[in-house]
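Thanks for sharing this one. Could you have a look at the model below and read my notes alongside it?

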Amino acid sequence: DTLLIAFGSHGANNEYHKGFDLLIDAIKQLKDFNKNFQIVIFGQNQPKDPIKLNFPVNYTGFFHDEISLRLFYSSIDIMIVPSRKDTLNQIAIESMACATPVVAFGATGLLDIVDHKINGYLAKPYDSKDLANGIDFLLNASNYDQLCNNARKKVIKNFDSSIVADKYEELYNQILDDRNNT
């Protein structure tokens, strides 16, 4: 019955661009502490000085195989990607492929992945209060199952390997056509 809010990054606590500080700020602002939830951080072992919050924070370390990673993504309720700087975020895509919605900032490559209130939540860029609103939105969404289904559909439609391969082939053919026409 515990809701799991996840964040992942190698060396997350030390990497400014990954926005871990903004996530902690957002979590401290959550209004509904009556919910039974925990933070799960993957891609990092527990630091010597772990953060102190009013609820459990768990560190999983690294996953070394795809099955463990899939099981992890499928067991969490929300993936938080508070990046300040990112391209096409693999964690967001992998999470959504496992039908887990994402809360992120409406900036960077995440704009191409997350659709606001359709398969996740896009907070105002770098606004930890709105990031907290996004977490709260997903924790309390009456249409949570639909958000999960939409997340998976988005990834299959846009990021499946066969779709991406077709897009590359189309691009290469266009470049060759342009080269032949000049």
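Here are my points on the sheet, the helices and one residue.

1. Please keep in mind that this is a predicted model. Its six strands make an open sheet with parallel pairing, in the order 3-2-1-4-5-6. Strand 3 (57-61) and strand 6 (120-123) are the edge strands, each pairing on one side only. On average, neighbouring strands are turned by 25 degrees against each other, direction ignored.

2. Let us look at one pairing within the sheet. Strand 1 (residues 3-8) runs parallel to strand 4 (residues 78-81), and two bridges join the pair. Ala6 has Met79 of strand 4 as its bridge partner.

3. Now for the helices. Helix 2 (residues 66-75) lies across strands 1, 2, 3 and 4, and its angle to strand 2 (37-42) is about 155 degrees. Helix 4 (residues 128-139) lies across strands 1, 4, 5 and 6, at about 165 degrees to strand 6.

4. Is Phe105 buried or exposed? This residue belongs to strand 5, which spans 102-105. Phe105 counts as buried because its relative accessibility is 0%, and the cut-off for buried is under 20%.

5. What is Phe105 in contact with, leaving aside its neighbours within four places in sequence? Its partners include Leu22, Val81, Pro82 and Ser83, as well as Leu110, Leu122, Tyr126 and Leu131. Val81 sits 24 residues away from Phe105 along the chain, and 7.5 Å separates their C-alpha atoms. Leu131 would be a nice contact to display as well.

How values were computed
Residues are numbered from 1 along each chain as its sequence is written. This is a predicted model: local features need pLDDT of at least 70, side-chain atom pairs count only at pLDDT 80 or more; totals for chains, interfaces and linings use all residues. Side-chain values use heavy atoms; hydrogens and water are left out. Two strands pair if DSSP finds at least two bridges between them. Helices (H or I, at least four residues) and strands (E, at least two) are DSSP runs, numbered from the N terminus. Axes are lines fitted to C-alpha atoms, for helices over the stretch in contact, and angles run from 0 to 180 degrees between N-to-C directions. Contact means heavy atoms within 4.5 Å. Buried means under 20% relative accessible area, exposed over 50%, partly exposed in between (1.4 Å probe, protein chains only).
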